Number of protein chains: 2
Amino acid sequence: MDSIKVFAPATVANVACGFDVMGFALQHIGDELIINKTDQPGLNISEIHGSDSLSKNSEENVVTVSAQALLDALEEKPSFGFEFELTKKVKPGSGLGSSASSSAAAVFGINELLGNPFTKKELVPFAMEGERLASGIPHADNVAPSLLGGFVLIRSYSPLDVVELQYPEDLVATVVHPQIEIKTADAKKMLRKQIELKDAITQWGNIGGLVSGLARADYELISRSLHDVIAEPIRGMLIPSFKEAKEEAINAGALGCSISGSGPSVFSLSRGERTARKVATKFETLFKSIGLESYVHVSPINTKGSEVLT
Amino acid sequence: MDSIKVFAPATVANVACGFDVMGFALQHIGDELIINKTDQPGLNISEIHGSDSLSKNSEENVVTVSAQALLDALEEKPSFGFEFELTKKVKPGSGLGSSASSSAAAVFGINELLGNPFTKKELVPFAMEGERLASGIPHADNVAPSLLGGFVLIRSYSPLDVVELQYPEDLVATVVHPQIEIKTADAKKMLRKQIELKDAITQWGNIGGLVSGLARADYELISRSLHDVIAEPIRGMLIPSFKEAKEEAINAGALGCSISGSGPSVFSLSRGERTARKVATKFETLFKSIGLESYVHVSPINTKGSEVLT
């Protein structure tokens, strides 16, 4: 195989109470990457569609940086190189794991072309190098679900321990991306390095509740647990009408609503597509009413993660 | 029914990563309480066996204080009163939920004598009033498992949300109570009111992992998740040879080992009774070697919680 076309999905990280440790993958929305083998070793980006702001320099793009991390881990280096044609369908700065989709696609595609020397889970640390480039921090809560699909818990970063959680089938996400940009690095800076113990206790009660609720398909428990007292109170201030959006989602029947990653996208989770679509309409109407363009996407949890397109 | 004899089990709170939000119940070890109806209204403690330090004054004993909280919640007050004969088999200051056992027994027993106006879960807030008396803080991570049995998560304190977690059957606890006393209030004071965000993230990764591991009987995940970076590093210093005890337990095959409640008791969890007994021997030998008397108890998770004795 000399060429491959792959897809890596957009993702929602944090998932309210799971700050820095949880994420899930979306369907349909994600980055596409065509990878061609080249005669000479080396990594080269030929085209980037869908974004003007990303560099083609191999040391400045997450695609080549994460691909290089994979190649560095191989004992026998390939005698050939790789050329990448990236189609961005997740907007940078959306809070939907844009850089993670590109990184996941790169390491997943190269691994396929090399005959799968690594499992998908083993690819996570390579894709994390793309995140290090993008935000300064090699976080895994976007790249892990983008590779593996599903609902993922990063139990530990040192050593890295990625847990694929159980979750019910009819959980449907509504994400809205209001057209303003928040840089992950800026959003991280606003958070305090120390937090109140009582807030931490609230947060770990909720994460225990969310994981338990997901495991036994207890929607009421999921709903009661989807709260974030750490990042949302601070980051919510950066998103126009965030409070109203959350209120509208809950009133429309969503189980919960919070910020996707570091924003500005907002996500909600609902039981079943009908409610999720109702929430989508509420989001659209709200952001229109304040004169802010927004894109809304309704999606069940993506169970596949990164995949080969034919 | 004019008289009843009830049992409420000892409990292990915190369970490593679940500081203030998790607890499980033990078998065989717990407080016994005989409650007799009296002609006149009022609450009266006639006898306390097994402890010299507890007051019989109805405003100073957790039995009568939690019983009073239950009576206060009744719309129609009973025309009779209650007399209590308490047999303490959980030592005060052991870290095994001594006050919680007494409180749970009191509210469970009175509820039975009144024809069960409340469910067991509804009894939790009354028993928490006993905890408020004992330690200044109405925590629920001992009283909830003592009443309900099993593995319990306090998802939220405000409003109170008690979640009965799924867990595998062949999980066996080994608890050792070295004969020194630590007051819960003192142990709480040593903890900082602010913690590092990075430590909080580590902790909620672990609690997510523990809840997931318990739900799907993934013993390796349970084992990897049984870590506490918040309370154990501070409270461990109060327990002689704690580090060595933990090391011995892990070496003997335990899934994990940490402090029970605020100590000084230490607990470990193992898969199966054989390993749990091996750990028990290690604990006994270790504390003997430093000249400290200790009591060791091996117990599967108590599935019943508070119960009527016949």
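## Worked exercises on a two-chain predicted model

A polar contact of 2.6 Å links the side chain of A:S258 to that of A:E232. The model is predicted, so please treat the exercises below as readings of a computed structure.

### Exercise 1: A serine in a strand

Task: Work out where A:S258 sits, whether A:S258 is buried or exposed, and which residues surround A:S258.

Solution.
- Step 1. Locate the residue: A:S258 belongs to strand β9 of chain A, residues 256–259.
- Step 2. Check accessibility: the relative value for A:S258 is 1%. Buried means under 20%, so A:S258 counts as buried.
- Step 3. List the surroundings: setting aside neighbours within four places in sequence, A:S258 contacts A:A16, A:D228, A:E232, A:F242, A:V266 and A:F267. A:E232, the partner in the 2.6 Å polar contact, is thus on this list.

### Exercise 2: Two residues of a recorded site

Task: Take A:G97 and A:S98 from the UniProt "binding site" and describe the setting of each.

Solution.
- Step 1. Begin with the record: an unreviewed UniProt entry lists a "binding site" whose residues include A:K91, A:P92, A:G97 and A:S98.
- Step 2. Place the pair: A:G97 is in the loop between β4 (81–87) and α2 (98–113) of chain A, while A:S98 is in helix α2.
- Step 3. Compare with the 20% cut-off for buried. A:G97, at 9% relative accessibility, counts as buried, and A:S98, at 8%, counts as buried too.
- Step 4. Look beyond four places in sequence. A:G97 is in contact with A:T11, A:V90 and A:N142. A:S98 touches A:D31, A:K88, A:V90, A:K91 and A:P92.
- Step 5. Add the side-chain detail: A:S98 and A:K88 are joined by a polar contact of 2.8 Å.

### Exercise 3: Two domains in one chain

Task: Describe how domain 1 and domain 2 of chain A meet.

Solution.
- Step 1. Set the bounds: domain 1 covers 3–165 + 303–309, and domain 2 covers 171–300.
- Step 2. Count the participants: 29 residues from domain 1 of chain A and 37 residues from domain 2 of chain A take part in the contact. The C-alpha centres of these domains are 24 Å apart.
- Step 3. Size the interface: the two domains bury about 2,400 Å² between them, with 69% of it on carbon and sulfur atoms. On the domain 1 side, A:A16, A:C17 and A:F19 supply 25% of the buried area, more than any other three residues.
- Step 4. Tally the interactions: there are 10 residue pairs in polar contact across this interface, and 0 salt bridges.
- Step 5. Name the elements: β1 (3–13) and β2 (22–38) each give two or more residues to the domain 1 side. Of the elements there, β2(A) gives the most, with 7 residues.

### Exercise 4: Chain B against chain A

Task: Which element of chain B gives the largest share of the side that touches chain A?

Solution.
- Step 1. Start with the totals: 38 residues from chain B and 38 residues from chain A make up the contact, and the chains bury about 3,000 Å² between them.
- Step 2. Find the main residues: B:R155, B:L197 and B:W204 lose the most area to chain A, together 25% of what the chain B side buries.
- Step 3. Add the interactions: the interface has 2 salt bridges and 15 residue pairs in polar contact. One salt bridge pairs B:R224 with A:D161, their closest N and O atoms being 2.5 Å apart.
- Step 4. Go through the elements: those giving two or more residues include β5 (151–157), α6 (197–216) and α7 (219–225) of chain B. The largest share comes from α6(B), with 15 residues.

How values were computed. Residues numbered from 1 in each chain as written. Chains lettered and ligands numbered in written order. Predicted model: local features only at pLDDT ≥ 70, side-chain atom pairs only at ≥ 80, totals over all residues. Heavy atoms only, no water. UniProt positions renumbered as here; feature names shortened; annotations may be inferred. Helix = DSSP H or I, 4+ residues; strand = E, 2+ residues; numbered from the N terminus. Buried < 20%, exposed > 50% of the residue type's maximum accessible area, 1.4 Å probe, protein only. Contact = heavy atoms within 4.5 Å. Polar contact = N/O pair within 3.5 Å; in protein donor to acceptor, adjacent residues only side chain to side chain. Domains from an automatic or database assignment. Buried area = accessible area lost by both parts, 1.4 Å probe. Salt bridge = Lys/Arg side-chain N within 4 Å of Asp/Glu carboxyl O.
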